[in-house]
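User: I'm new to this one. Could you take a close look at the place where the two domains meet, and walk me through it?

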Amino acid sequence: MDPYAVELLRVSKSYKSYQALFGIDLQIRKGEFFSLLGPSGCGKTTTLRLIAGFEEPSSGEVCIDGKPVAGLPAYRRNVNTVFQSYSLFPHLSIFENVAFGLRRSKVAEHEITRRVGEALAMVQLSEKSRGRTTELSGGQQQRVALARALVNQPAVLLLDEPMAALDSKLRKEMRSELKRLQKSLGITFVLVTHDQEEALTLSDRLAVMNQGRVEQVCEPREVYERPASRFVAEFIGTANFLPVKVLEVSNGRTRVEGEEGQFWVVSRAGFGVGDSAELSLRPERMWLGKESDPLHNSLQGVVSETIFMGPVTRYLVRLANGHLLLTEKQNLEEEAFQTGDSVCVHWDADSGALLPR
Amino acid sequence: MWPSRVIEMREEKPGPIWLRLYALTVYLFLYTPILVLILFSFNKSRRNSSWGGFTTSWYATLWHNESLMRALANSLKVACLATLISTVIGTMAALALSRYQFRGRETVGSLAYLPMMVPEIVMGIALLTFFIKMGIQLSIVSVILAHVAFSVGYVTVTVRTRLAGLAGNLEEAAADLGATPMETFWLVTFPRILPGIMSGALLAFTLSFDDFVITFFTAGIGATTLPLKIYSMLKFGVTPEVNAISTIMLAFTVCLLALWSRLESDPKSLGR
């Protein structure tokens, strides 16, 4: 089998006073756009630095292209990084910034001219090559940083929160440019970000990290619809949680019982009869009706608050036991519900997800 | 566009008249003696008490004063060598202090300031005692060693400030692009701290070239520097020759300091 572009095996990293990573495993496939997503302090940047070679793991193994890289310093690794602060060399011209890596690997002069020209054209900065990096805007500096890394044709491109310093409009533009570049070049991209929208829109697969551990690795859609833990469900989007107990597992469906009643949900490996679990429900996957519908899961309640948000309205529904359920409804032409209305909340069995409790 | 760099626009108003007069008085008090010295270096009369007309002949006679020229040569030799040595040592010390963690780092860092605080006469006596105890002959070498001792701290402090002001992780970026630690130093770190090194070197040169007290204690026979020579010339009174050589030294020092302040304040040399 093709070796992974990057593989981490039980990698731990501890500093003097705290442990940043607790034995994480990661397999990043060749040519994929992979994201490390998590809140600040979750260990995502440490993971990136271990791959780049700026730091060595305390234990475990990092492999790039199937080969262990322990003891190999950053300047000998076939990976390049786009830093959060771009870290362009202010004393060199834009051309020389991009040529820096090629000159280190003793590429012939005419070859350098050609490749730097191509790289700058790729990020639409051809006409600026003789200029200084200090004359560029934030977005342009970002693109020079990208060209400077990609011109070396690395096995893996590491991106450390590359868009954090840009304003939101520029960030959206850079996002599509990044995706376009990655697709056309076929280079493995590893993106570190705390922005869930960024990770969901860009990644082929992503790893959600929390407190030095990997919570879940999968495709964006799955991470949203089948979160592996309550942390993941809450970090990516909004969710309601109902504590339940498994009653019956049959034909890919699981029947659970909670304080509010009995519901059907898609079965999930690891949940057997008698287990305690949490049922996670996304607000936009539930709908409101006037009468109960026996074909779907349903719950009776009273609308306690409506929040108009433009394209959608959020409803907070108070259940019989006093718990609040958040639902979301698109603002179509049909009639809206008012505070105080008695309603039925419905959802399909495959809209919920079982989480460990 | 640099949103982080805010340029404050404020109308500059001249202060009230009495404040300006006061400032003028202070500056007159400080600089009149120097102006008089410069003026009298062009005095035709040998006496400093009366003005005998304008001449530049004293400057010409300086060139023919062999012992004075020898002192100038000594001063330049001492200043150049002391600057070279203290710049190399000071830069390396600054790099070690800001790049590595080691025991006693804080102490060593603070010790760099010591030569600036210690009274010169104490430093002179200490160095003299040290040289005698170590059996080092007082000569031009001992003067150079002494000058290195007091100027190395200035270089360390200047370069260290510069290192601390370097933005971003440029060294990691260089390593990431395949530069070995040596290449990273010469291609990235060194060009970035060069203005700091230059400014430290200029400061060291100026201090060494002008130094009297420490040189007085540590100079041996044949190691007479210009300040020592001027002092000995004073035994025959303040002649126009002394005024002329002092004026030249003053002009030279002012030039060096102007260069230094340019390096320190030039926004381009900061390379943000």
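Analyst: Here is a walk through the meeting place of the two domains. This is a predicted model, where local features need pLDDT of at least 70, side-chain atom pairs count only at pLDDT 80 or more, and totals for chains, interfaces and linings use all residues. Residues are numbered from 1 along each chain as its sequence is written, chains are lettered from A and ligands numbered from 1 in the order in which they are written, and side-chain values use heavy atoms, leaving out hydrogens and water.

Chain A is split into domain 1 (4-233) and domain 2 (238-356), with bounds from an automatic or database domain assignment. Their C-alpha centres sit 39 Å apart. Where they touch, 10 residues of domain 1 are in contact with 15 residues of domain 2 (contact means heavy atoms within 4.5 Å). About 1000 Å² is buried between them, with carbon and sulfur atoms giving 43% of that; buried area is the accessible area (1.4 Å probe) that two parts lose on being put together, summed over both. On the domain 1 side, Tyr224(A), Arg226(A) and Arg230(A) lose the most area to domain 2, together 58% of what that side buries.

Arg230(A) also forms a salt bridge with Glu278(A), their closest N and O atoms being 2.6 Å apart. The count between the domains is two salt bridges, each a side-chain nitrogen of Lys or Arg within 4 Å of a carboxyl oxygen of Asp or Glu. As for elements, α7 (220-225) and α8 (230-235) of chain A each give two or more residues to domain 1's touching side. The largest share, three residues, comes from α7(A); helices here are DSSP runs (H or I, at least four residues), numbered from the N terminus.
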